[in-house]
Amino acid sequence: MSVRNQIRFILILTVSSISFLFHARAAEPDSYPVKYQTVQIEGLDIFYREAGPADAPTLLLLHGFPTSSHMFRNLIPALSDKYHVIAPDYPGFGYSSAPPVDKFDYTFDNLARIMEKFTRQLQLNKYSLYLMDYGAPIGFRLAVQHPERIETLIIQNGNAYEEGLDNPFWEPVKVYWKERTSTHGNQLRSLLTLDATKWQYTTGVRDVKAISPDTWGHVQPLLDRPGNQEIQLALFYSYGSNPPLYPQWQEYLRKYQPPTLIVWGKNDQIFPAAGAYPYKRDLNKLEFHLLDTGHFALEEEGTTIAQLMRKFLSQHTDTAR
């Protein structure tokens, strides 16, 4: 090859490389760093994660037991280029205040009341709800109270039907609902151990090696804080207040027909797929996906869930900015 041709080849290669890098960078979504913030509500510090442009459609992510907004640590950046994403920690969870049970009434009614004040303080007048585990009874209370605020629902292993509680996991909990004694409560303390926390994260997954130990490494020290077991026992008991409200929540779904995306870990032994199917009875605008994973579906299927959410939300929210 002549010197002229060598120079020509190098120039072509250089221009091609620059063009590739330019187009690759242009294809990347905008980057919105996650902010870690706290607001005061009734003297409680309520911690939350926030990312994305303030003028974009808002997503309110409500976590489950025994985790916190930490469960959304990967989902938030996957959505924040187009959405205003907010994930709070409830009192007693994560980095929010955790007063002892004699200083705060740990019931789902009360958690929902604090979360409603949280939405008002942040001026969240319209939002989509991500409901998972404990997030479902909290979120449905918000939806029933303010149906005009709800743009869409994303439901991931979040129960609103009796069928979802008809399994062995709930049998000792239901005994506690019927008779709140220290004996029955103490039998539930095994659900607060490291082994139980690992079980929640790993049971039903395809590949245990894909589940980061950062999950239970974050959760368990918070569960082990002095007084936190009593907080969790109070909420186990209060969970019994949710099934009587199921008809009200189902009526909300039938009346308002919020566009709903179900992304459910079908191998969950706490809220199995039996709790997902009944949503089909009440919802007309329903996109339904059962995923081959367990309770904390985001740990193994986070990329898939983010992709499904982006497509769903693009169809049912105004993402034009």
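**Entry 1: a term first**

Before anything else, I wrote down that a polar contact is a pair of N or O atoms within 3.5 Å, and that within protein one of them must be able to donate a hydrogen and the other to accept it. I also noted that I'm working from a predicted model.

With that settled, I went to R141. Its side chain and that of N242 are joined by a polar contact of 2.7 Å. S241 is in on this too: the side chains of R141 and S241 make a polar contact at 3.3 Å.

Where does R141 lie? I found R141 in helix α4, which covers residues 135-145. Buried or exposed? R141 has a relative accessible area of 10%, and the cut-off for buried is under 20%, so R141 is buried.

I then listed what R141 touches, skipping residues up to four places away in sequence: F108, D109, A112, S241, N242, L245 and W249.

**Entry 2: the whole chain**

I stepped back for an overview. The chain has 12 helices and 8 strands. It runs to 321 residues, and 54% of them count as buried.

For contacts between residues at least 6 apart in sequence, I looked up how many reach further along the chain: 76% join residues at least 24 apart. The accessible surface comes to about 14700 Å², with 53% of that belonging to carbon and sulfur atoms.

**Entry 3: helix α3**

F108 had come up in the R141 list, so I turned to α3, residues 108-121. How far apart are its end C-alpha atoms? They are 20 Å apart, and 14 residues at 1.5 Å a residue should span 20 Å, so the two agree.

Then I went through the helix for burial. The buried residues in α3 are F108, N110, L111, A112, I114, M115, E116, F118 and T119. Just after α3, I spotted Q123 with a positive phi of about 55°.

**Entry 4: strand β3 and its partners**

Next up was β3, residues 58-62. How many of its residues are buried? The count is 5 of the 5, so β3 is largely enclosed by the rest of the structure.

I checked which way they point. T58, L60 and L62 go one way from β3, while L59 and L61 go the other way, and all are buried.

β3 pairs with β4 (residues 84-88) in the parallel sense, over 3 bridges. β3 also pairs with β5 in the parallel sense, over 4 bridges. L59 shows up in both pairings: its bridge partner in β4 is V85, and in β5 it stands opposite S128.

**Entry 5: L129**

Staying with β5, I picked L129, which lies in that strand (residues 127-131). L129 has a relative accessible area of 0%, so it counts as buried.

What is L129 in contact with, leaving aside its neighbours within four places in sequence? I got L60, L62, G139, I150, T152, L153 and I154. I also looked up the C-alpha separation of L129 and R149: they are 20 residues apart along the chain and 9.9 Å apart in space.

**Entry 6: salt bridges**

R149 led me to the salt bridges. A search of the whole structure finds 13 of them. I looked up a few.

R149 and E116 meet through their side chains at 3.2 Å, N to O. This pair links distant parts of the chain, with R149 in the loop between α4 and β6, E116 in helix α3, and their positions 33 residues apart in sequence. Both R149 and E116 are buried.

E230 and R189 form another, at 2.9 Å, N to O. E230 is in helix α9 (residues 228-238) and R189 in the loop between α6 and α7, 41 residues apart. E230 counts as partly exposed at 35% relative accessibility, and R189 is partly exposed as well, at 23%.

D282 and R254 also meet in a salt bridge, at 2.9 Å, N to O. Here the link runs between two helices, from D282 in α11 (residues 279-282) to R254 in α10 (residues 246-256), 28 residues apart. D282 counts as buried, at 6% relative accessibility, whereas R254 counts as partly exposed, at 38%.

Last note of the day: E42, R113 and K117 are linked in a network of salt bridges.

Key: Residues numbered from 1 in each chain as written. Predicted model: local features only at pLDDT ≥ 70, side-chain atom pairs only at ≥ 80, totals over all residues. Heavy atoms only, no water. Buried < 20%, exposed > 50% of the residue type's maximum accessible area, 1.4 Å probe, protein only. Contact = heavy atoms within 4.5 Å. Expected span 1.5 Å × (residues − 1). Areas by Shrake-Rupley, 256 points an atom, 1.4 Å probe, with all protein chains shown as cover. Pairing = 2+ DSSP bridges. Salt bridge = Lys/Arg side-chain N within 4 Å of Asp/Glu carboxyl O.
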